[in-house]
Amino acid sequence: MKAVVLFKSFTGNTRKAAEYIATDLQQEGWGVTGVCPWNRPEMAAIQEADLVVVGTWVDGLFVVGQKPFAVNAIQHLPALQGKLAATYCTYAINPGRTLAKLDTAVTALGANVVGGLALHRHKLRAHSEEFAARLVDNVPSPLR
Ligand SMILES: Cc1cc2nc3c(=O)[nH]c(=O)nc-3n(C[C@H](O)[C@H](O)[C@H](O)COP(=O)(O)O)c2cc1C
């Protein structure tokens, strides 16, 4: 199984999570074709991947109005027909419905979203590990 990790980050938490997730997936035996900001996507890395991980940070008023930062930019990514996807967001207090909104945007690109997790910004290491482990478990075994 080959994955690419696309992220959007402002202060670095979501980038750091992207790197942890890539390392954890590799430890589970997956290949990683690239780790890059989604506004500068590596097209070859996306094309080569079976599964696309998309991550961003929670933007809102902390307890209300939460949304995935720059979610509208996702529509400019290449079409993901035939690919699996997984989403994550990093947050400080409460992610609200951020993941569901991110899933809707990624599904609109044609991907089949198989999982997602909100990662607390102070628990990035542990939550990234959990994300990668759950992802490997959620992917149908003939594809792993
Ligand atoms: C303008 C702004 C709005 C934010 N709104 C929320 C929010 O509504 N809920 C929340 O839990 N965290 C919120 N956060 C915290 C970020 O989601 C969190 O720090 C995240 O890890 C930042 O990711 P980054 O370091 O990749 O930019 C907000 C941060 C900023 C700068």
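**View 1. Cys36 and Cys89 stand apart in this predicted model.** The sulfur of Cys36 has its closest cysteine sulfur in Cys89, 19 Å away, which is too far for a bond. The same holds from the other end: for the sulfur of Cys89, the closest cysteine sulfur is that of Cys36, at 19 Å. A disulfide is a covalent bond between the sulfur atoms of two cysteines. The cut-off for calling one is 2.5 Å between the sulfur atoms. How many disulfides does the structure hold? Zero. Are these two cysteines buried or exposed? Cys36 is buried, at 1% relative accessible area. Cys89 is buried too, at 0%.

**View 2. Helix 1 turns one face inward, toward its buried contacts.** Helix 1 covers residues 13-27, 15 residues in total. From first C-alpha to last, helix 1 reaches 21 Å. That is close to the 21 Å expected at 1.5 Å a residue. Which residues of helix 1 are buried? They are Thr14, Ala17, Ala18, Ile21, Ala22, Asp24 and Leu25. Looking down the helix axis, these buried residues fall within an arc of 165 degrees, so they line one face of helix 1. What covers them? The cover includes five strands: strand 1 (2-7), strand 2 (31-37), strand 3 (51-59), strand 5 (84-91) and strand 6 (112-120). Helix 4 (124-138) is also part of the cover. After helix 1 comes Gly29. The phi of Gly29 is positive, near 100 degrees.

**View 3. A salt bridge joins Glu48 to Lys2.** The structure holds five salt bridges, and this is one of them. The side chains of Glu48 and Lys2 meet with N and O 3.9 Å apart. Where in the chain do the two partners sit? Glu48 is in helix 2 (residues 43-48), and Lys2 is in strand 1. They are 46 residues apart, so this pair links distant parts of the chain. Glu48 is partly exposed, at 45% relative accessible area. Lys2 is also partly exposed, at 33%.

**View 4. Two salt bridges lie within helices.** In helix 1, Glu19 forms a salt bridge with Arg15. Their closest N and O atoms are 3.3 Å apart. Glu19 and Arg15 are four residues apart in helix 1, which means about one helical turn separates them. In helix 4, Glu130 pairs with Arg134 in a salt bridge. Here the closest N and O atoms are 2.6 Å apart. Again the partners, Glu130 and Arg134, are four residues apart, so about one helical turn lies between them. Are the side chains of these bridges buried or partly exposed? Glu19 is partly exposed at 38% relative accessibility, and Arg15 is partly exposed at 36%. Glu130 is partly exposed at 33%, and Arg134 is partly exposed at 41%.

**View 5. Leu77 is a buried residue in a loop.** Leu77 sits in the loop between strand 4 (67-68) and strand 5. At 8% relative accessibility, Leu77 counts as buried, since the cut-off for buried is under 20%. Which residues does Leu77 contact, leaving aside neighbours within four places in sequence? They are Leu6, Trp38, Pro41 and Leu109. Arg40 is 37 residues from Leu77 along the chain. The C-alpha atoms of Leu77 and Arg40 are separated by 9.5 Å.

**View 6. Phe10 and Trp57 form a stacked aromatic pair.** The structure holds three aromatic pairs. In this one, Phe10 and Trp57 are 5.9 Å apart, centre to centre. Their planes are 20 degrees apart. Phe10 lies in the loop between strand 1 and helix 1, while Trp57 lies in strand 3. The two are 47 residues apart, and the pair links distant parts of the chain. Phe10 is exposed, with a relative accessible area of 67%. Phe10, Trp57 and Phe69 form one aromatic cluster.

**View 7. Tyr88 and Phe131 meet edge-to-face.** The ring centres of this pair are 5.8 Å apart. The angle between the planes is 65 degrees. Tyr88 lies in strand 5 and Phe131 in helix 4, so the pair ties together parts that are 43 residues apart in sequence. Tyr88 counts as buried, at 0% relative accessibility. Phe131 counts as buried as well, at 3%.

Key. Residues are numbered from 1 along each chain as its sequence is written. This is a predicted model: local features need pLDDT of at least 70, side-chain atom pairs count only at pLDDT 80 or more; totals for chains, interfaces and linings use all residues. Side-chain values use heavy atoms; hydrogens and water are left out. The expected span of a helix is 1.5 Å times one less than its number of residues. Buried means under 20% relative accessible area, exposed over 50%, partly exposed in between (1.4 Å probe, protein chains only). The arc is that of the directions from the helix axis to the C-beta atoms. Contact means heavy atoms within 4.5 Å. A salt bridge is a side-chain nitrogen of Lys or Arg within 4 Å of a carboxyl oxygen of Asp or Glu. Rings of Phe, Tyr and Trp (its six-membered ring) pair if their centres lie within 6.5 Å; planes under 30 degrees apart count as stacked, over 60 as edge-to-face and the rest as tilted.
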